[in-house]
Amino acid sequence: MGDIPAVGLGTWKAAPGKVTEAVKVAIDAGYRHFDCAYLYHNEHEVGAGIRYKIQEGVVRREDLFIASKPPHPAWIMIPSKLLSFCFSHPGVYDLPVDCTNMVIPSDTDFLDTWEAMEDLVSSGLVKNIGVSNFNHEQLERLLNKPELRFKPVTNQIECHPYLNQKNLISFCQSRGVSVTAYRPLGGSSEGVDLMDDPVIQRIAKEHNKSPAQILIRFQIQRNVIVIPKSITPGRIKENIQVFDFELTQHNMNSILSLDRNLRLATFPISKNHKDYPFHIEY
Ligand SMILES: NC(=O)c1ccc[n+]([C@@H]2O[C@H](COP(=O)([O-])OP(=O)(O)OC[C@H]3O[C@@H](n4cnc5c(N)ncnc54)[C@H](OP(=O)(O)O)[C@@H]3O)[C@@H](O)[C@H]2O)c1
């Protein structure tokens, strides 16, 4: 996992007004990795928590790995005349959508986007760059890009026992690209409660740990970075207390056997985009 701290704090849907406090609690609990995005609309509040703890002397900026994600290229590249044509509302992902509520696709080649991101590294604005939701063909294309200046440090993908991503993880790791598991606890309000799964419950009892801790430890033992989100102080602390026990190989196999190829984040309004990544198996 290299320089990226194995457990980070997810911040999607972490409400402004609560997330600053969550970040402070997280830093005190030992988190040194924060997963953010422009689209989460709370980067200011995350930053306020970080700044507070730096000023308190608890942590230094150079100790922290802070990930962000630029606005979707579709948003940047849409010609302004299109924005006034049939632009109903920004939708859940803040993307411009057409009358049928589908994203207005951009024809930008992601290799061009990558070059622009490489410029950010060259000019010292960011230290590392990575990708998210890339399937193995997209990643291969990026890695084969002529004159690639910087490799992606990670591919951030949905990953939990119901979508264990065995093939994509092994592909990424064989190419020297780390994997970061998002939605590792199954997220919220999706009608799926991973933490209630009887296998997870049984293993949690066996180790005297919570189901969330089992789900997080599962990723660590696969050399996968993991970014559970919480704004609840007790859970924030619990989710990083995962380094004092080890799942057995039998436990790992039982958890792996739960796979049901259940993708929770399908981004349905982007299905018509040329780079929609989930049309192939992995
Ligand atoms: N790149 C992408 O496309 C992408 C997509 C989705 C997510 N992400 C990133 O990945 C992060 C994590 O994914 P996620 O937020 O979708 O889902 P998640 O981390 O799997 O689940 C978060 C939910 O679990 C609850 N929770 C956290 N710890 C718990 C515990 N110990 N016991 C019981 N419940 C617990 C949280 O509640 P409370 O907050 O109320 O405690 C929240 O409702 C996001 O926040 C975001 O940073 C990236």
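This passage walks through the sheets, one helix, two unusual loop residues and the empty spaces of the structure.

The model is a predicted one, so local features are taken only at pLDDT of at least 70 and side-chain atom pairs only at pLDDT 80 or more, while totals for chains, interfaces and linings use all residues. Residues are numbered from 1 along each chain as its sequence is written, and side-chain values rest on heavy atoms, with hydrogens and water left out.

Two sheets come first. Helices (H or I, at least four residues) and strands (E, at least two) are DSSP runs, numbered from the N terminus, and two strands pair if DSSP finds at least two bridges between them. One open sheet has three strands in the order S1-S2-S3, with parallel pairing. Its edges are strand S1 (9-10) and strand S3 (65-67); each has a single partner strand, so one side of each is left without a neighbour in the sheet. Strand S2 (residues 33-35) is held to S3 by three bridges in the parallel sense, and Asp35 has Ala67 in S3 as its bridge partner.

The other open sheet is built of four strands, ordered S4-S5-S6-S7, again with parallel pairing. Here the edge places go to strand S4 (131-132) and strand S7 (225-226), each with a single partner strand, so one side of each lacks a neighbour in the sheet. Strand S5 (residues 154-158) and strand S6 (residues 178-182) run parallel and are joined by five bridges; Ile157 is bridged to Ala181 in S6.

Next, a helix. The expected span of a helix is 1.5 Å times one less than its number of residues. For the 13 residues of helix H5 (residues 110-122) that comes to 18 Å, and the end C-alpha atoms are indeed 18 Å apart. Its buried residues (under 20% relative accessible area with a 1.4 Å probe and protein chains only; exposed is over 50%, partly exposed in between) are Phe110, Leu111, Trp114, Met117, Glu118 and Val121. Looking down the axis of H5, these buried residues fall within an arc of 110°, so they line one face of the helix; the arc is that of the directions from the helix axis to the C-beta atoms.

Two asparagines catch the eye in the backbone. Asn133 is not a glycine, yet has a positive phi of about 60°. Asn133 sits in the loop between S4 and helix H6 (136-143) and counts as buried at 16% relative accessibility. Asn261 also has a positive phi, near 50°, but lies in the segment after helix H11 (249-256) and is exposed, with a relative accessible area of 57%.

Both asparagines turn up again around empty space. On a 1 Å grid over the protein atoms alone, a cavity is a set of points where a 1.4 Å probe fits but cannot get out, and a pocket is an open set with protein on both sides within 12 Å along at least five of seven lines; lining residues have an atom within 4 Å of a point. The count comes to one cavity of 30 Å³ or more, and the largest cavity holds about 70 Å³ of space. Its lining includes Asn133, Phe134, Asn135 and the S5 residue Ile157. The second largest pocket holds about 180 Å³ of space, and Asn261 is one of its lining residues. Gln165, Leu168, Arg263 and Tyr282 are among the residues lining the cavity, and they are also among those lining the pocket.

Technical notes. Grid points are joined across faces, edges and corners, and a volume is the space filled by probe spheres set on the points.
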